Amino acid sequence: MQLRYVFTELRTGLRRNLSMHLAVILTLFVSLSLAGIGILVQREATVARDSLGDELKILVNLCTDDDPSHSPNCASGEVTADQQQRIEKEIADSDEVASSAFQSKQEGYDRAYEQAQRNNTQAAFEGPDPVVTVERWPAAYWVTLKTPERADGIISALEGLDGVSVIKDQRKALGQIFGIMTVLKYGSWIGAGFLLFAALLQVTNTIRLAALARRREIAIMRLVGASTLYIALPFLLEALVAAVVGVALAAGVLAAFQYWGVEKALSDHVQFLPWVDWGDYTQALIGLFPPGIVILGPALTLIPTLLLTRKYVKV
Amino acid sequence: MIRFEKVTKRYPGPGRPALDQVTLDIDKGEFVYLVGTSGSGKSTALRLVLRELRPTTGRVHVAGKEINRMAGWKVPRLRRQIGTVFQDFRLLPNKTVTENVAFAQQVIGKSRREIGKVVPETLELVGLKDKGDRMPDELSGGEQQRVAIARAFVNRPMILIADEPTGNLDPATSAGIMNLLGDINQTGTTVVMATHDHGIVDQFTKRVIELDHGKVVRDEASGSYGFQH
């Protein structure tokens, strides 16, 4: 295959339809940036849920030896097996509870350490005599409620039980945060959806125009026996160039958002939440579910191009 | 080389078929005129050979292959064995003569070396050796048609299809084009030429197949145009 011709045609095509290509690139860039931000917000919600539990959950910390809460429930020191059994039964018998899960000291410690690493505050976990150790970390129950509104019964039942150190009920605060995240996520996805649809229409118009401009060449190529792929290749490459530029610009905007928005601003000001990191950024770029912008951009340009060129350059 | 077996081609909509139970056989190396009035089915027959159309019923064989059932991806390979020339030349106006001819080789993946060798040879064959750098609009009609013939012949096809190649040319220029097509035929290429030009058919006597309302009404080994139009 003579690629020289293909690249000459690609150059000519890009020059000939410059304004259309710029429109496609700009629309792709904005829509992919929004889609990427939507993915990052979704990741943020997952990270926050993993770390803090969602608005349906309350955390019941069990007493440790020398418990920092100084609760009278912890007068006997570390929670005993009997106390734990009683707590478990109370949770199981409550009609407000959907399910519960036990988190051992080690699991709780690992989770907290991971979160501290994300926020660069792991100093308390490290060193020869760390403040935070597995022994000092409380075992706990994650209690999932049937509805976030009803938890008074189970909370008051557990509050007075020996072995229960602290009940962390962050339903209101977390509910608001997750609510904002949900709005942001769906808002950016809906915005991205409309713009991606606009990009799709622009791609189809661009191909139509390009096919019209090349109709003589295409007719001759068909007659002399050029393969469909060879005829379609300049169209596909034009679409790919638009996609690559759009994706690169969107990736830049997302990187800027991650660096200045998340790392330099949000994580400094809102420290109780763990924040998305560069691993999440990579997921927003190349993740499969939901598809990252590196997949989304080329798919949105190449698939319609393939379908349309089949129509216009059919041998 | 080309065989139609009871070929009928019906376009969507009411009316008679464009081709109606046409059976014909054109051997390798033949020169055949396809004559008939407008709407007689000449162009449909040529488009069937090129596999631009498929017959409604019947079979079309080209170069030993039944092409009406040929898979789409095999069609380009078939077309590489067929050169096509049109009344309106269909040259690319932004390319030189050489580039126009080379285009037919480039797009089927021929090497630059081969193109560099074959294109000048073909331009010499059609009498345009010294005009390779000209743009199409700098040439006369006859010269433009020679470029179109060079482009059709540059891949040395087994069949050359010419649809009214002299339709836009004066008699003297047309005679030159006919001589050129005759030379190409002498190399063993089968030439099928649809034409209205009775002067040409009568002067350069060859086999004549006449179509009328989609039917073959005459097939003479060495015929004349047969009717005045």
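Let's start with one small pairing: Val62(B) stands opposite Lys65(B), which sits in strand β5(B). Keep in mind that this is a predicted model. One step further along, His61(B) has Glu66(B) of β5(B) as its bridge partner. Strand β4 of chain B covers residues 57-62, and two bridges tie it to β5(B), with the two strands running antiparallel. The hairpin they form has two residues between the strands, and there Ala63(B) takes a positive phi near 50°.

Now look to the other partner of β4(B). Strands β1(B) and β4(B) also pair in the antiparallel sense, this time over five bridges. Within that pairing, Thr8(B) is matched with Thr57(B) of β4(B). Put it all together and you get an open sheet of four strands in chain B, in the order β2-β1-β4-β5, with antiparallel pairing. Why do β2 and β5 of chain B each have a side without a neighbour in the sheet? Because β2 (19-26) and β5 (65-66) stand at the edges, each with a single partner strand. Helix α1 of chain B, residues 42-49, packs on this sheet and touches β1, β2 and β4 of the chain. The direction of α1 makes about 120° with that of β1(B).

Let's zoom out to chain B for a moment. Its secondary structure comes to seven helices and ten strands, and 53% of its 229 residues are buried. Of the contacts in chain B with a separation of 6 or more, 69% are between residues 24 or more positions apart.

What about the nonpolar cores? The largest one has 82 residues, and Met221(A), Tyr33(B) and Val107(B) touch the most other members. Helix α8 of chain A, residues 228-269, gives this core its largest share, twelve residues. Not counting residues up to four places away in sequence, Tyr33(B) touches a whole list of residues, including Met178(B), Ile200(B), Phe204(B) and Val208(B). Another core lies apart from that one, with 31 residues, among them Ile2(B), Val49(B), Met70(B) and Phe86(B).

Phe86(B) brings us to a charged residue, since it is one of the contacts of Asp163(B). Leaving aside neighbours within four places in sequence, the contacts of Asp163(B) also include Ser43(B), Leu46(B) and Ala194(B). You'll find Asp163(B) in strand β7 of chain B, which spans residues 159-163. Asp163(B) is buried, yet it has no salt bridge. Where is the nearest side chain of opposite charge? That is Arg90(B), 6.5 Å away, whereas a salt bridge needs the charged atoms within 4 Å.

Methods
Residues numbered from 1 in each chain as written. Chains lettered and ligands numbered in written order. Predicted model: local features only at pLDDT ≥ 70, side-chain atom pairs only at ≥ 80, totals over all residues. Heavy atoms only, no water. Pairing = 2+ DSSP bridges. Contact = heavy atoms within 4.5 Å. Axes fitted to C-alpha atoms, helices over the stretch in contact; angles between N-to-C directions. Core = buried A, V, L, I, M, F, W, Y, C linked by side-chain atoms within 4.5 Å. Buried < 20%, exposed > 50% of the residue type's maximum accessible area, 1.4 Å probe, protein only. Lys, Arg positive; Asp, Glu negative; His and termini not counted.
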